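User: Hi! I'd like to understand the reasoning behind some of the labels used for this model. Could you take me through them?

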Amino acid sequence: MKLIEPIVNFQTELTGIRRDLHAHPELAYEELRTSDAVAAKLTEWGIPIVRGLGKTGVVGIIKNGSSSKSIGLRADMDALPMQEINTFPHASKNQGKMHACGHDGHTAMLLGAAHHLSKHRNFDGTVYLVFQPAEEGGGGARTMIADGIFDQFPMDAIYGMHNWPGIPVGQFGVVEGPMMASSNEFRVKVTGRGGHAALPHRTVDPVMVAVQMAQAWQTIITREKNPLQTAVLSVTQIHTGSAVNVIPDDAQIVGTVRTFTDATLDLIETRMAEIAKNIAAAFGAEVEFKFRRNYPPLINHAKETAFAIEVMSDVVGRDNVDTRTEPTMGAEDFAFFLQKKPGCYVFIGNGEGDHRAGGHGLGPCHLHNGSYDFNDNLLPIGGSFWVRLVEMAMPLR
Ligand SMILES: [Zn+2]
Ligand SMILES: [Zn+2]
């Protein structure tokens with residue numbers, strides 16, 4: 001590994017920052033203490049900032065030399081509404097909130113890069129440090145775009161990085177093209193006519209209709225879409241009824257659809273609606289079909305992915321960069337940035353969890369698990385990646 005020495009020497013300080021953020025997790029658009037902490041550090045290091053994009057977002061600006069080149073580096077800051085099981089000293093002090101996705105670490109890695117870049121200035125151009133709120137479902141990236149981030153800071157390209165449990169520490173993973181799926185949700189209400197469970201002939205049973213819909217929709221995945229196009233349709237909730245001997249009036253079906261392309265998503269949404277309508281009609285029930293598109297698929301741009309691979313190889317060696325990492329059906333709102341700007345999103349290995357301090361929750365160190373903790377050994381690796389990305393994209397002449 002070719003880590004940047006001053007960042008390695010700064011690891012203790014960065015670990016302190018990371019653990020402080022971990023102990024004080026905040027949810028989407030409520031990252032007040034977090035964004036204050038980020039703003040305070042950037043200001044302390046003499047980096048100009050602009051606050052308020054995406055409500056709690058912070059953008060730091062480091063300019064050097066005379067080149068008109070510019071680059072955006074993004075970290076997300078929000079935590080999850082879940083209870084931390086870990087009891088080590090830096091475990092969450094906020095009941096029911098937890099940094100279980102490592103955004104505390106992402107923020108600290110970008111701060112580490114900011115500190116180095118502002119001190120050493122070994123580049124020619126402008127770096128925008130994008131500290132983004134509300135990645136976990138709130139679409140903070142979309143809000144920052146709506147608030148004019150790219151008008152105010154016209155960057156040539158933007159890059160993102162997420163820790164990935166299971167990938168060994170000291171390794172990176174990336175893939176050109178689709179790397180994370182679109183995330184969409186459906187809420188369907190079937191209205192029948194309730195009555196006595198012993199006299200079903202006098203009712204229109206919404207339970208039977210809901211069950212048939214849930215099953216028929218799976219045939220869109222297995223029989224209608226091209227099998228080479230990846231998609232998931234998961235019915236995650238069916239709510240209905242209140243008594244053993246009562247056929248209810250209605251049933252609610254809720255779930256999620258994940259795809260890598262809009263064409264597949266269009267097909268699934270259209271066919272789900274048609275199937276719902278026609279199954280309801282076949283049984284004399286009514287249906288209300290609601291489908292919402294949350295995050296688009298995350299598509300890595302070819303040129304920027306090739307460049308990111310070059311940079312990762314420079315930091316950890318080519319053998320430690322998996323350039324065909326398996327895409328995931330999880331979603332990520334960095335996808336919104338990549339719809340507007342060329343760029344690339346990479347995974348940085350978080351290891352298997354043996355880094356965790358005593359008092360961890362004994363569960364797996366997986367994202368969104370109550371026993372998860374970000375691996376502080378990544379701080380100099382991720383920080384070095386960010387700095388080398390800037391230095392190699394905008395070299396001093
Ligand atoms: Zn997450
Ligand atoms: Zn995350």
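Analyst: Happily! This is a predicted model. Let's begin with helix 8 (residues 262-283), which lies across strand 8, strand 10, strand 12 and strand 13 and runs at about 165° to strand 13. Helix 7 (residues 206-224) lies across these strands too, at about 175° to strand 10.

User: What makes strand 10 and strand 13 the edges of their sheet?

Analyst: The open sheet has the order 10-12-8-13, with antiparallel pairing. Strand 10 (231-240) and strand 13 (286-295) each have a single partner strand, so one side of each has no neighbour in the sheet.

User: How do you know that strand 8 and strand 12 pair?

Analyst: Pairing takes at least two bridges, and 10 bridges join strand 8 (residues 182-191) to strand 12 (residues 250-259). These two strands therefore count as paired. Within strand 12, Ile253 stands opposite Val188.

User: Why is the site of the zinc ion (ligand 1) called irregular?

Analyst: Its donors come from Cys101 (SG), Glu136 (two OE entries) and His368 (NE2), at 2.0 to 2.8 Å. The angles among the four donor atoms are 51 to 149°. A tetrahedral site needs all angles between 85 and 135 degrees, and a square planar one needs opposite donors over 155 degrees apart; this site is therefore irregular.

User: Why is Cys101 called buried, and what is His368 called?

Analyst: Buried means under 20% relative accessible area; Cys101 has 7%, so Cys101 counts as buried. His368, at 40%, counts as partly exposed, because that value falls between 20% and 50%.

Conventions. Residues are numbered from 1 along each chain as its sequence is written. Chains are lettered from A and ligands numbered from 1 in the order in which they are written. This is a predicted model: local features need pLDDT of at least 70, side-chain atom pairs count only at pLDDT 80 or more; totals for chains, interfaces and linings use all residues. Side-chain values use heavy atoms; hydrogens and water are left out. Donors are N, O and S atoms within 2.8 Å of the metal (3.2 Å for Na, K and Ca); water is not among the atoms, so sites may look incomplete. Four donors count as tetrahedral if all angles lie between 85 and 135 degrees; four count as square planar and six as octahedral if opposite donors are over 155 degrees apart and all others between 65 and 115; anything else is irregular. Buried means under 20% relative accessible area, exposed over 50%, partly exposed in between (1.4 Å probe, protein chains only). Helices (H or I, at least four residues) and strands (E, at least two) are DSSP runs, numbered from the N terminus. Contact means heavy atoms within 4.5 Å. Axes are lines fitted to C-alpha atoms, for helices over the stretch in contact, and angles run from 0 to 180 degrees between N-to-C directions.
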